[in-house]
Amino acid sequence: MEFEFFVDNALHRISLEKKEDGFEITDGETRLTADIQTVSANGLSVVVAGRASLVYIARDQDKTYVSIAGQQFILQEPGREGKGFHGADEKTQQGALIVTAPMPGKVIKIAVAEQEAVRKNQTLAIVEAMKMENEIKSSLDGFVKSIFVSEGELVDSEKPLIELVAKKETGAPAASGSGRP
Amino acid sequence: MFKKILIANRGEIAVRVIKACREMGIPTVAVYSEADRKSLHVQMADETVPIGPAPAIDSYLNMDRIIAAARSTGAEAIHPGYGFLAENSDFARRCEKEKVVFIGPNSDALELVGDKVRARRAMEKAGIPIIPGMKSIAKEFSEYRSAAGGLGYPVMIKASAGGGGKGMRIVSSEAELGPALEAGRREAMSAFGDESVYLEKYIEAPRHVEFQVLADNEGNTVHLFERECSIQRRHQKIIEESPSRALDSELRTKMGETAKKVMRTARYNNAGTVEFLLDQNKNFYFLEVNARLQVEHPVTEFCTGIDLVHQQIRIAAGERLSLVQSDLKQRGHAIECRIYAEDPTRQFLPSSGKILFLKEPQGPGIRHDCGIYSGWDVPIYYDPILAKLVVWAEDRESACLRMLAALDDYVILGISTCINFLKEIIGHPEFRAGRTNTGFIKNHFENWQDKEKSGEKLRLALTAAAYQAMNSGTAVRKAATGAVRETASPWQSLGHWRLGEGR
């Protein structure tokens with residue numbers, strides 16, 4: 001059975017088949033046999049060629065969290081569109097850009113108005129979470145098309161805050177910038 | 001001794017105080033906001049009182065409700081923990097008036113040291129070395145501008161009522177001053193209910209060295225040596241240790257005696273910390289008094305063998321200090337790592353959500369002070385500190401190795417934490433050499449990214465996730481086609497692998 005997961009935005013494939021003497025893992029060219037045992041509510045003991053690893057695992061919706069000897073992994077199942085892992089907190093569409101909340105928190109300031117021109121790195125809004133203020137900055141030169149939230153509003157992670165439109169002459173949609181401070 | 005103590009706090013520090021009370025046989029009262037009904041401190045206390053909505057200003061900072069909770073439960077004393085009302089002299093005064101003992105300094109001392117500007121003036125007068133800065137709070141922007149000009153950029157904005165980095169900003173030019181003042185004031189207001197800020201000369205690459213002091217109600221004062229807290233991000237400590245590599249015994253004695261003098265000058269009682277900046281030429285400057293139990297107090301407890309919360313409670317109950325300076329010794333080396341709910345790869349952005357699984361590290365010389373548990377939702381309303389991992393060993397290098405092993409043994413699944421980042425700091429050669437200063441993270445870890453994940457561990461992680469998906473019977477995307485295939489796993493019926501399924 002084949003599985004796909006995004007880890008840090010990179011797609012990885014692995015195949016796992018149940019056999020008489022354990023599981024057969026196929027990872028690219030590598031083929032291994034593993035003895036996998038559930039040892040606790042969140043613990044798996046995995047033995048590959050005599051090497052034992054204790055793997056901690058928990059799943060929440062489409063994310064699987066794994067910890068192995070102090071290293072953490074977040075494995076994201078591919079979405080419906082077959083698209084990748086949190087494509088960051090901005091979604092672009094033909095030069096328009098939705099700036100979203102980077103974390104759950106409270107909008108304490110909207111620093112721009114609709115139709116206002118903005119410059120790259122200009123502060124658009126301030127979202128406070130856990131008593132720290134986080135400035136949400138523009139990743140492009142353009143103008144504010146719409147504002148979806150108001151000051152004092154509680155927002156969830158990835159909640160759309162502001163829609164920006166890139167300045168015409170740049171042409172290309174600003175896809176790779178970060179809206180984070 | 002008190003017959004009942006109310007803890008006016010939440011999270012790991014409330015848990016810490018409850019445990020100390022239990023050891024002393026004192027029943028406890030927890031107070032909690034609407035966001036904290038399921039929090040650990042509420043589960044551990046003997047009695048609980050709800051004190052209002054989630055925002056701290058309506059609950060943990062609401063003096064009326066906390067005093068009423070003490071009244072209704074018959075608590076004789078209130079332990080404020082750190083943060084919230086811990087350094088609020090109005091609250092201490094309210095407690096004095098209501099005849100409830102505030103486990104902390106008297107309100108006059110608290111008012112003096114809590115007003116950083118007044119404190120600096122008083123200390124300067126007493127001959128304590130201080131950093132050049134504004135000696136009063138300005139009203140107009142122009143006053144700040146001219147003060148900053150006089151000090152010379154870079155300057156530091158500090159909250160008068162502050163601590164913990166809240167409201168603090170480095171300003172490197174006049175153009176940044178206006179917005180930075182505005183942000184600093186807002187942060188100060190929301191954290192402390194007081195928007196006063198002042199400016200100070202910014203000293204570059206200093207070490208942050210602080211001294212723990214205990215003073216009883218008669219004025220007997222001892223210091224319990226230093227903690228070095230140079231490893232900071234956003235002006236907030238994340239790793240603390242004791243002893244400091246920068247002090248020799250002569251400087252230690254000199255700074256310790258100065259710390260005691262600071263506390264005597266303020267007529268301070270109970271536990272408190274005197275913070276100093278130590279510059280590259282080993283000059284030290286009084287920074288401020290933290291008039292509370294510090295987050296990093298376990299480091300001192302490990303090295304001195306003294307329980308600071310027990311001492312606080314005994315002093316507040318009117319007992320005479322049983323400790324004598326000449327009897328106090330530092331032994332071995334202790335390091336604390338603060339475990340924050342935050343993402344170090346995203347400018348330490350706070351991360352909230354459900355803790356799907358927690359495994360606390362254990363072993364000789366390992367202490368884990370914690371306010372979380374598997375299945376708990378980390379609320380967005382409060383400071384993102386989740387826990388503190390503290391280790392002790394006979395020397396610094398052994399303590400570093402023990403900390404690294406303990407961090408490897410630490411599992412928190414479901415939210416981002418700084419554990420990987422902490423491991424890299426402890427593993428850094430400059431840290432290991434003891435060459436630390438408050439710019440350490442900026443200098444060595446700017447734009448830090450987690451190492452690219454590859455190799456054997458990644459394969460194991462993929463295998464485990466695949467195994468989990470296979471056994472949970474939920475939709476799995478098949479490779480290549482991108483089509484969704486429902487897996488009706490034959491092993492589904494064999495085990496009880498139902499954990500971690502979508503909520």
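B:V411 is a buried residue in this predicted model, because 25 other C-beta atoms lie within 10 Å of its own, where 20 or more would be enough for that label. The residue sits in strand β22 of chain B, and, if we leave aside residues up to four places away in sequence, B:V411 touches B:F357, B:L358 and B:K359 in its own chain as well as A:Y56 and A:S67 in chain A. With B:K359, the C-alpha to C-alpha distance is 4.9 Å, although the two are 52 residues apart in sequence.

That brings me to the interface, where 56 residues of chain B are in contact with 55 residues of chain A. Several elements of chain B each supply at least two residues to the side that touches chain A, among them β18 (357-359), β22 (411-413) and α16 (455-472), and the largest share, 14 residues, comes from α16(B). By class, this side of chain B has 27 nonpolar, 16 charged and 13 polar residues.

As for the domains, the assignment for chain B gives domain 1 (5-103), domain 2 (132-201), domain 3 (207-445) and domain 4 (458-493), and the centres of domain 2 and domain 3 of chain B, taken over C-alpha atoms, are separated by 26 Å.

Finally, a word on confidence: the model scores ipTM 0.78 and pTM 0.81, and chain B has a mean pLDDT of 91, with 93% of its residues at 70 or more. Over residues 477-503 of chain B, however, pLDDT stays under 50, and the model has 46 contacts beyond four places in sequence for that stretch. Where pLDDT is low, predicted coordinates should not be read in detail.

Notes
Residues numbered from 1 in each chain as written. Chains lettered and ligands numbered in written order. Predicted model: local features only at pLDDT ≥ 70, side-chain atom pairs only at ≥ 80, totals over all residues. Contact = placed C-beta atoms within 7 Å. Helix = DSSP H or I, 4+ residues; strand = E, 2+ residues; numbered from the N terminus. Nonpolar A, V, L, I, M, F, W, Y, C, P; charged D, E, K, R; others polar. pLDDT = per-residue confidence, 0-100. Domains from an automatic or database assignment. Buried ≥ 20, exposed ≤ 12 C-beta atoms within 10 Å, placed from the backbone.
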